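I open these entries with the model at hand and the intention of looking up its ligand site, its domains and one helix pair.

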Amino acid sequence: MKRILEEFEKAKRIVVTAHVNPDGDCIGAGLALFSALNNLNSKLEKEERKVIRFILQDTAPKNTSFLEHFLLIEKYENIDTKYDFDLMFIVDCGDFDRIGEVKNLVKDGTKIINIDHHESNNNYGDISYVDKKISSTSELIFNILKELNLEINIEMGEAIYTGILNDTGNFSYTNVSKDTFRVASELREIGVNNEKIIKEFYDKKTKERLRMLGYAMSNFEFYEDKKLTYVFIPHSVYENYGASREDSEGVVEALRSFEKTEVALFLREESNGLIKGSMRSNGIDVNKIASNFGGGGHIKASGFTTDKKPEEVLKIVLNLL
Ligand code: 5GP
Ligand code: MN
C-alpha cells in the first residue's frame, strides 16, 4: 500500500483502466479508485496537480450510468494517444492483455499497478495487489482506501456496493464472506441505499435484454451425461433484436439456474466473428477449462474469446468435463 502511494506521488499523468467488456465490478472499483485519486489530487498545490483519467476500450454498461463520474469514463478510441502516462492502475483484470487496446498507452517507464481478485491473475504489475479469496475488486478497493485512511464518500460507496453486487450475484455466491457483509454494512452506514442500487443495476432491463434472455431460454440444450447446459447466440440474433453485447448479460446465470446444471456454457458471436465464451459452474473448475481457450477468471465463473467455431468449442468443453 505504501508503494502504491509512493507511485502516486511520483507520477504526473495517471490512467485508471479495467477489462474489455466491462462489468459492474470493474466500473465500481474503477470509479471508486478514480474518485479517491482525484480527492488526493485536489489536496495538492495547483502546480503539483496530476492528470488523472479513466479510460476503457469498451463502453461501460448502461446500468452503471447512475454512478457518480460515469460520464468521465473515456473510450480509448476517442482519446489522443500521443499522451504518455507514467502510472497505470489496472483493476479487476486477470491478465494484462485483457485491457485490450488501452495497452497502447503503456510506454517505456509506465509503472503498472495491478489490483485484482481473479484466480488466474499472474501478478503482471510492477506492483500487484491480488487477493484471490475476496468477493470482488470493489471490496478490495474498499479495504485499500480504508487502510490508506482515504475518505469513502457516498458516491464512492455506491460504486463499491455495485461492484460487490455484480460479483456476488447480489450476495448469493460462495465468494461472499463475513467481511463482504461487514463492508456492505459499513457502506450502509455511510448512507448507501441498497434498494436504489438494486433498482438501477438489476431491475431496470431493456426490452432487448429481456428478448435476448427469452431467446436463450427457448433455445438452450442440456447434455445429460456431463450436466452441461449450453446455448449459442449468433450475431444475427443480436441484429434481429437490435441488441448489443450487454443485453445478453445474465444469460449464463440463467442457464446455471436450470436445476440439473453442473456447468453452464454460453457462447455468443461477436460482430468480428470471434466467439466469446462465458462459463459458470456449481463447483467444477471452469477457470481451467477457459484457460484451454486462452481465457480465465474464477473457479466458478470464467470466460474466454476464441476464433474456433461454436460446435468445436462445445465439443472441446464436453470432452474436458
Ligand atoms: P463473463 O463470463 O461474465 O464474461 O466473465 C466471467 C469471469 O471470467 C469474470 O471474472 C471475467 O473477468 C473473467 N473473464 C471473462 N472473459 C475472460 C477472458 O477472456 N480472459 C480472462 N483472463 N478472464 C476472463
Ligand atoms: Mn471482479
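Entry 1. From which domains does the shell around ligand 1 draw at least three residues each? I noted beforehand that this is a predicted model. I found that domain 1 (2-203) and domain 2 (207-320) each supply at least three residues to that shell.

Entry 2. I next looked up the two domains themselves. The domain assignment of the protein gives domain 1 as 2-203 and domain 2 as 207-320. Their centres, taken over C-alpha atoms, are separated by 26 Å. I recorded 14 residues from domain 1 and 14 residues from domain 2 in the contact.

Entry 3. I then listed the surroundings of ligand 1. The ligand is surrounded by 15 residues, and Arg98, His118, Lys276, Ser278 and Arg280 are the closest. I sorted the shell by class and obtained 9 polar, 4 charged and 2 nonpolar residues.

Entry 4. I examined polar side-chain atoms at the ligand. For Ser278, an N or O atom of the side chain is 2.6 Å from an oxygen atom of ligand 1. For Lys276, a polar side-chain atom lies 3.0 Å from an oxygen atom of the ligand. For Asp95, the partner is a nitrogen atom of ligand 1, and the distance is 3.0 Å. I also noted the area: ligand 1 taken alone exposes 490 Å², of which the protein buries 87%.

Entry 5. I asked which elements give two or more residues to the shell around ligand 1. They are β10 (275-281), β11 (296-297) and β12 (301-306). The most comes from β12, which gives 5 residues.

Entry 6. Lastly, I turned to a helix pair. Two packed helices are described by the distance between their axes and the angle between them. For α3 (residues 137-147) and α4 (residues 154-168), I noted that the axes come within 7 Å and cross at roughly 145°. On the α3 side I listed Ser138, Glu139, Phe142 and Leu145, which meet Met156, Ala159, Ile160, Gly163 and Ile164 of α4. By class, this contact has 6 nonpolar, 2 polar and 1 charged residues.

Note on methods. Residues numbered from 1 in each chain as written. Chains lettered and ligands numbered in written order. Predicted model: local features only at pLDDT ≥ 70, side-chain atom pairs only at ≥ 80, totals over all residues. Heavy atoms only, no water. Axes fitted to C-alpha atoms, helices over the stretch in contact; angles between N-to-C directions. Helix = DSSP H or I, 4+ residues; strand = E, 2+ residues; numbered from the N terminus. Contact = heavy atoms within 4.5 Å. Nonpolar A, V, L, I, M, F, W, Y, C, P; charged D, E, K, R; others polar. Near = heavy atom within 4 Å. Polar contact = N/O pair within 3.5 Å; in protein donor to acceptor, adjacent residues only side chain to side chain. Areas by Shrake-Rupley, 256 points an atom, 1.4 Å probe, with all protein chains shown as cover. Domains from an automatic or database assignment.
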